[in-house]
Amino acid sequence: MMADEFLVPGEDATGDRLTEPHNAPSSGADLDVGPEDRDRVALYGLLASGLQGPVGQDWLDVVSGLSGGAGDLADAIAVLARAAAEADPQKLARDYHDLFIGVGRGELVPYGSYYLTGFLNEKPLALLRQDMRRLGMERDPEVKEPEDHIAALCQMMAGLIEGEFGDGSATAPSRFFRAHLATWAPYFFKDLAATDSGAVYPALGRLGQVFIELEDHADALFAERRGAV
C-alpha cells in the first residue's frame, strides 16, 4: 500500500485537533519516516478524523476513494470506502450522536478509562497525562473531552510515529501503544464493528480491529528483535 494512495483528511477536514505539541523535549522534525510508517500515520489519521466528531461530505468524498493494502486490511478499507460513497452526512451525524453522545450516554463510551475501569477520569487517564507531559503533548484548550478519547490517542500515535511528539526514537510509539492503546482499543473497535448504526461506523470499527491487530503483532515482533540485540 502506497502512502499517497491513502491520504486522509486531518485537521483541515474537522477544523480542530484534540492534541497539540507543547514544550516537546526534542523536535523530532528531522525523523526519516519511511513508506510503511507513512501508511500507519495515514491509518491512525483516518481513524482519528472519523471518530473525533461527526464527519462531513469532504471526509466522505476522500474516504470513498481509498484503496490499498493487502488481505484483511484491504478488505476493511474497501468496505469503508463503499460505505462512505453511499453515506448521507446528516444521517451520519445522527448515528454519531446515538453512538457516542446519546441522552445521558451513548451506546459506546470511547474512552480508555471507561473500558479499563468502568468509569471516566480514572487512573488510566492520569497515567496518560503523565506520559503526555513527558512526550511534549497537551490537550487542545478548545477541546473539552478527556485525553483518553480513542480519536485523541490515534492522533497521538500518528504524531509519535512522525516525530511531531516525543524524542523521535523508534521505541516511543511502541511504548505509548502498549501503555495506552493495546490495553483497550481492540475491545472498543470490536464493539464499534458490531453496532447496527448505518454502515460507516461499523466499517470504521472493522478497520480499527484489523489495523490494531496488525500493530499489535508488528510491535511484538519489534520488541522481540530489540530484545535480541
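The exercises below, each with a worked solution, treat the fold, one helix, the salt bridges and a charged patch of a predicted model.

Residues are numbered from 1 along each chain as its sequence is written. In this predicted model, local features need pLDDT of at least 70 and side-chain atom pairs count only at pLDDT 80 or more, while totals for chains, interfaces and linings use all residues, and side-chain values use heavy atoms, with hydrogens and water left out.

**Exercise 1.** Determine how many helices and strands the protein has, and in what order the elements run.

Solution. Start with the DSSP runs, where a helix is H or I over at least four residues and a strand is E over at least two, numbered from the N terminus. This gives eleven helices and two strands, and from the N terminus on the order is α-β-α-α-α-α-α-α-β-α-α-α-α.

**Exercise 2.** Compare the span of helix 2 with the expected one, and decide whether the helix is mostly covered or uncovered.

Solution. The expected span is 1.5 Å times one less than the number of residues; helix 2 (residues 35–51) has 17 residues and reaches 24 Å from its first C-alpha to its last, close to the expected 24 Å. For cover, buried means under 20% relative accessible area, exposed over 50%, and partly exposed in between, with a 1.4 Å probe and protein chains only. Twelve of the 17 residues are buried, so helix 2 is mostly covered; among the buried residues are Asp39, Tyr44 and Leu51.

**Exercise 3.** Describe the salt bridges of Lys91 and Arg178, with their partners and surroundings.

Solution. The criterion is a side-chain nitrogen of Lys or Arg within 4 Å of a carboxyl oxygen of Asp or Glu. Lys91 pairs with Asp95, the closest N and O atoms being 2.8 Å apart; the two lie four residues apart in helix 5 (residues 89–100) and are therefore separated by about one helical turn. Lys91 is partly exposed at 33% relative accessible area, whereas Asp95 is buried at 7%. Arg178 pairs with Asp216, the closest N and O atoms being 2.7 Å apart. This pair links distant parts of the chain, Arg178 in helix 9 (residues 171–180) and Asp216 in helix 11, 38 residues apart.

**Exercise 4.** Identify the residues of the negative surface patch and locate Asp196.

Solution. Patch residues have over 30% relative accessible area and no salt bridge, and like charges are joined within 9 Å. The negative patch is formed by Asp98, Glu107, Asp191 and Asp196. Asp196 lies in the loop between helix 10 (185–193) and helix 11 (200–228), and Asp196 is exposed, with a relative accessible area of 70%.

Key: Patch = residues over 30% accessible without salt bridge, like charges linked within 9 Å, V, L, I, M, F, W, Y side chains within 5 Å. Areas by Shrake-Rupley, 256 points an atom, 1.4 Å probe, with all protein chains shown as cover. Lys, Arg positive; Asp, Glu negative; His and termini not counted. Charge placed at Lys NZ, Arg CZ, Asp CG, Glu CD.
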